[in-house]
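The following report describes selected features of one protein model. The sequence and structure are shown first.

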Amino acid sequence: MQKETKKIIQESLDALLENDSFLPGLTDRKQAFSSLSAILSTPDKIHKAFLRVPLDDGSVVRIPAFRAQHNDAMGPYKGGIRYHESVNEEEVINLAFLMTLKNALHEVPFGGGKGGIVLNPREYSEKELNLISRKYVRYFADVIGPDKDIPAPDMGSGEREMDWMMAEYKKVHHGTPYLGSFTGKSVVNGGSLGRREATGKGVYFTFRYLLHDYVKANHQLLSNSNNPFAKTTLELYDRPLKMAVQGFGNVGSVAALEAYKCPLIDHKIVAVSDRNITLYNEDGLDIPALIEFTKTNRGDLPSTEEQLQSASIKAEIKERDVLVTLPVDVLLLAALENQIREDNMKDVQARIIIEGANAPTTAEADEYLNERGIVVIPDILANAGGVIVSYFEWLQGRETQFYTEAEVYRLLIEKMQETMDMMLPQYYGDPYALRQNCFIHAVTRLSTVIYRQGKLY
Ligand code: NAD
């Protein structure tokens, strides 16, 4: 596990150790905390396989694949499967750990898991991807399942892959319940309405709630506070804002559309980026037109003048990585890890950063941003919409009763608001950053569960 991750666990446990009201029944507190640290900083299991795949041209390749199972104290392991060439063992372990904390924070009855396949999906045909996805299920068939470990989509995978995988699971475990084996499936295959948009909608909601709804209801309280994050929030409240969105896939495009449509905050999305380029327009980009374009361009934004013209989109094409340092008020990160780091953190101009992606800010950069009073809405708080609606999908699959889209969004927003209402008063009242507050809260809940399950002996 990365040293940053271990540091997070240790800091949260240190904060708890000083709090005598936490688990007062513990006899040897020091020893119990060192046991908790050992449990949380290590995954339960890590499964690795080299998928043997015959390609269309007749050659046979071996593709590395992982499934990390971090902790299942709160419920079956749960987490996406990433299809990306940079996938590696340490990454899946860290992402599985974040899933454990995310579920604990939002009180979703799942543990944390994560999977990955080391490949660039664009280099394979649909038939090959189908085979690779099915092979993944075959190799890990014994360790996944509706009550063991429930994968979902992540970067590079979507409902198509989940449908294939569920079908393979059904074949391997013939005659057993299978609808809950994967979430993020298409609706016709037992997926939930609203799942595809859930993460992006949830990401945007956390921002809107923090900067609009919560401030509106608690203006006086924030004005009386000396907390630097309260000051930043008030500085940006109720004034025109510029926003940039990194990553225009499932999470980024949906969150951008939510921002574009939201009448409560006066903001313009002046920049969006993807794996190729950044598009910039001082007067605001036409987000619906960009989404339409990506549908016919394998998910990519227009990256040439000709493409912009053909789609009647007004924008300047800039280099991909300039997006994070543009002169904007709000930065929404929805691509990869480590996007704000030591070498670019000082050039970041945004005052609010929303982490739609997992771990887009390194520990050093996070510390630096906190010192400057920049509000960072952390990944485990902001991007939990996907796993929350996955939980609804899993429940619907068990009951074979399906909710309407409106019902799904109502339940999603209710759940995310509950967590925000729990975290924000603490955030604006104490010296910790929002990420630390969320980690401390999640670790508290998880540690209580682990203690009560008698795992500290
Ligand atoms: P996706 O594959 O749909 O989209 C990824 C986007 O990022 C694409 O537009 C791609 O072109 C772009 N991109 C890739 N490299 C980039 C770079 N260097 N700079 C700028 N853009 C780049 O993936 P997604 O599902 O939207 O996931 C994005 C992030 O959100 C990941 O970190 C993922 O773990 C996280 N996340 C996703 C979900 C979900 O439900 N999909 C849930 C929680 C967290």
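Which residues does Ser 192 touch, not counting residues up to four places away in sequence? They are Val 187, Val 389, Glu 393, Gln 396 and Val 408, where contact means heavy atoms within 4.5 Å. The model is a predicted one, in which local features need pLDDT of at least 70 and side-chain atom pairs count only at pLDDT 80 or more, whereas totals for chains, interfaces and linings use all residues. Residues are numbered from 1 along each chain as its sequence is written, and side-chain values use heavy atoms, with hydrogens and water left out.

## Ser 192 and the α6/α13 pair

Ser 192 lies in the loop between α5 (159-172) and α6; helices (H or I, at least four residues) and strands (E, at least two) are DSSP runs, numbered from the N terminus. Ser 192 counts as buried because its relative accessibility is 4%; buried means under 20% relative accessible area, exposed over 50%, and partly exposed in between (1.4 Å probe, protein chains only). Its side chain makes a polar contact of 3.1 Å with the side chain of Gln 396. A polar contact is a pair of N or O atoms within 3.5 Å; within protein, one must be able to donate a hydrogen and the other to accept it, and residues adjacent in sequence count only if both atoms are side-chain atoms.

Helix α6 (residues 195-223) and helix α13 (residues 385-399) have axes that come within 7 Å and cross at roughly 145 degrees. Axes are lines fitted to C-alpha atoms, for helices over the stretch in contact, and angles run from 0 to 180 degrees between N-to-C directions. The crossing is right-handed; a crossing is left-handed if the near helix is turned anticlockwise from the far one by less than a right angle, and right-handed if clockwise. From α6, Arg 195, Ala 198 and Thr 199 meet Gly 385, Gly 386, Val 389, Ser 390 and Glu 393 of α13.

## The five-stranded sheet and helix α4

Five strands in the order β1-β2-β4-β3-β5 form an open sheet with mixed pairing; two strands pair if DSSP finds at least two bridges between them. At the edges are β1 (45-54) and β5 (149-153), each of which pairs on one side only. From one strand to the next, the twist averages 20 degrees. Ten bridges, given as 10, join β1 to strand β2 (residues 60-71) in the antiparallel sense, and Ala 49 has Ala 65 in β2 as its bridge partner.

Helix α4 (residues 126-139) packs on this sheet, where α4 touches β1, β2, β3 (77-84) and β4 (112-118), and the direction of α4 makes about 140 degrees with that of β1. The buried residues of α4 are Glu 128, Leu 129, Asn 130, Ile 132, Ser 133, Lys 135, Tyr 136 and Val 137. They pack against β1, β2, β3, β4 and α5.

## Helix spans and the surroundings of α3

The expected span of a helix is 1.5 Å times one less than its number of residues. The table sets this value beside the distance between the end C-alpha atoms.

| Helix | Residues in helix | Expected span | End C-alpha distance |
|---|---|---|---|
| α3 (residues 89-105) | 17 residues | 24 Å | 25 Å |
| α4 | 14 residues | 20 Å | 20 Å |

The two distances agree for α3, and they also agree for α4. Helix α3 is mostly covered, with 15 of its 17 residues buried. At its start, a side-chain oxygen of Asn 88 reaches to within 3.1 Å of the backbone nitrogen of Glu 90. Just after α3 comes Glu 107, in the loop between α3 and β4. Glu 107 has a phi near 55 degrees, a positive value in a residue other than glycine, and counts as partly exposed because its relative accessibility is 47%.

## Strands β7, β8 and β9

Strand β7 (residues 267-273) and β8 run antiparallel and are joined by three bridges, forming a hairpin with three residues between them. Thr 278 in β8 is the bridge partner of Ser 273, and Thr 278 also stands opposite Lys 318 in β9. The pairing of β8 with strand β9 (residues 316-319) is antiparallel, over four bridges. From strand β8 (residues 277-280), Ile 277 and Leu 279 point one way and Thr 278 and Tyr 280 the other way; all are buried.

Ser 312 lies in the loop between α10 (305-310) and β9. Ser 312 is not a glycine, yet has a positive phi of about 50 degrees. With a relative accessible area of 62%, Ser 312 is exposed.
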